[in-house]
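Student: I have a structure to look at and many words to sort out. Could we go through it together, asking why each word fits?

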Amino acid sequence: MTSSICILGSTGSIGTQALDVARKHHIPVTALAAGTREETLERQAREFLPAAVYIDDSRYASLKARLADTSIRVLSGREGLIELAATDTSPTVVNALTGILGFLPTLSAVEAGKDIALANKETLVAGGDLVMSRAAEKGVKILPVDSEHSAIFQCLQCGGKAKKILLTGSGGPFFGKDKAFLETVTAADALRHPNWSMGPKITVDSSTLMNKGLEFIEAVHLFGVTPDRIEVVIQRESIIHSMVQFEDNAVLAQMGVPDMRLCIQYALTYPERTESPAGELDLFEVGKLTFYKPDTRTFPLLQLAKDTITKGGNLPAAMNGANEEAVGRFLKGEISYLRLFDIVIAATAQTAFIQNPTAEEILASDRAAREYVRGH
Ligand code: MG
């Protein structure tokens, strides 16, 4: 088990569940970073007493005043977040930030020799080649927190070479729907996920299947497999969290009730297993497990993600930036659901290809794709 943790994105869905795990196992928390939820951050800081906290610039003065009676250091600004990730004293950084904002802090923590319990998808989607090669050079572990990658990681612990990864997904709230239906979808519809409780960005991504696309790209990087060795399987009940087929064609699956705390905990206690806050799986209550092929014609962003990681370079970063921006516009009611698909595809298609992008080029590709989405 890790001796202490720093949590980036502590007030979000994964962050608060990571704190549940820390509370249960008395894992010291040395630093917390949040966006704008200063009241929640203050409460967390008073409970866990970290050495430092980070908050968005807009709330810096106010949080500093709130914590004036403590010795907790308050940081802000982009450099503050990167500095926090590098200088914090914990051996493990839980990165639960949402969006591309999570990329540089991961890189900074890797350079500082820390293991990463990774929930931030964009780190590997946008900068997977760079982050994984630096992690290998530094000898640090990238421990997956996302349920699917945690499942694959758990299956791989038995040893043997993975022949194929079977990446499962629930299919989202619009499973089985056609294009005519999708024309009518509103932000409120897209925010209702059947099985998992998550933040708004990832819930919309689950509905478009882009979430599975991003996870597909992450799996390529995390497990060092080529895209043709990953198959997406719709598993409607979200009981099987992913599977690995080995060379002898044995398939191992990891199952459990959909509760992220089990995955977060495994990343923090690895390689040990211990009692968790997650409930027991009752297979008789589940009754049956159903499997389907994903409908990539109706939901083209999954196919886009597969094509994009096959080409590689800076294209996943551009696609991800375009998607993040387009989801934001959709949630604000500025563009329709189907327009979201088209605009992400177009923004990715117009990106100038760079085979081996630097961190700066990755961020520039992200920015350019966002600008395209804002202007179209
Ligand atoms: Mg997932």
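Tutor: Gladly, and keep in mind that this is a predicted model. Let us start with a pair of strands.

Student: How many bridges join strand S10 to strand S11, and do they run parallel or antiparallel?

Tutor: Five bridges join S10 (residues 240–246) to S11 (residues 251–255), and the two strands run antiparallel. Glutamine 245, for instance, has valine 251 of S11 as its bridge partner.

Student: How do you know that S10 and S11 count as paired?

Tutor: Strands pair if there are at least two bridges between them. Here there are five bridges, so the definition of a pair is met.

Student: What do S10 and S11 form, and how many residues lie between them?

Tutor: They form a hairpin with four residues between the strands. In the turn, asparagine 249 has a positive phi of about 70°.

Student: Which sheet holds these strands, and in what order?

Tutor: S10 and S11 belong to an open sheet of five strands, in the order S11-S10-S8-S9-S12, with mixed pairing.

Student: Why are S11 and S12 said to stand at the edges?

Tutor: Each has a single partner strand, so one side of S11 and one side of S12 (291–292) are left without a neighbour in the sheet. The partner joined to S12 by two bridges is S9 (residues 230–235), and the two run antiparallel. Isoleucine 234 stands opposite tyrosine 292 in S12.

Student: Which helix lies across S8 and S9?

Tutor: That is H11, running at about 155° to S8.

Student: Now the metal. Which residues are the protein donors of the magnesium ion?

Tutor: They are Asp146 (OD), Glu148 (OE) and Glu215 (OE), lying 2.1 to 2.4 Å from the ion. 

Student: What makes them donors?

Tutor: For this metal, the cut-off for N, O and S atoms is 2.8 Å. With distances of 2.1 to 2.4 Å, these atoms fall within that cut-off, so they count as donors.

Student: Where in the chain are glutamate 148 and glutamate 215?

Tutor: Glutamate 148 is in helix H7 (residues 147–156) and glutamate 215 is in helix H11 (residues 210–223), 67 residues apart, so the pair links distant parts of the chain.

Student: Why is glutamate 148 called buried?

Tutor: Buried means under 20% relative accessible area. Glutamate 148 has 7%, so the word fits. Leaving aside neighbours within four places in sequence, glutamate 148 is in contact with Leu167, Thr168, Lys212, Glu215, His241 and Ser242.

Student: Why is serine 13 called partly exposed?

Tutor: Partly exposed covers values between 20% and 50%. Serine 13, at 28%, lies in that range, so it is partly exposed. Serine 13 lies in helix H1.

Student: What makes helix H12 largely enclosed?

Tutor: Eight of the ten residues of H12 (residues 260–269) are buried, so the rest of the structure largely encloses this helix. Among the buried ones are Met260, Cys263 and Tyr266. Their cover includes strand S1 (5–8), helix H1 (13–25) and H7.

Student: Why are H5 and H6 called roughly parallel?

Tutor: The axes of H5 (residues 103–111) and H6 (residues 121–138) come within 10 Å and cross at roughly 5°. Angles under 35 degrees count as roughly parallel, so H5 and H6 earn the description. Their contact includes Phe103 and Leu107 of H5, and Leu130 and Val131 of H6. By class, that contact has six nonpolar, three polar and three charged residues.

Definitions and conventions. Residues numbered from 1 in each chain as written. Predicted model: local features only at pLDDT ≥ 70, side-chain atom pairs only at ≥ 80, totals over all residues. Heavy atoms only, no water. Donors = N, O, S within 2.8 Å, 3.2 Å for Na, K, Ca; no water. Buried < 20%, exposed > 50% of the residue type's maximum accessible area, 1.4 Å probe, protein only. Contact = heavy atoms within 4.5 Å. Axes fitted to C-alpha atoms, helices over the stretch in contact; angles between N-to-C directions. Parallel < 35°, antiparallel > 145°, perpendicular 65-115°, else oblique. Nonpolar A, V, L, I, M, F, W, Y, C, P; charged D, E, K, R; others polar.
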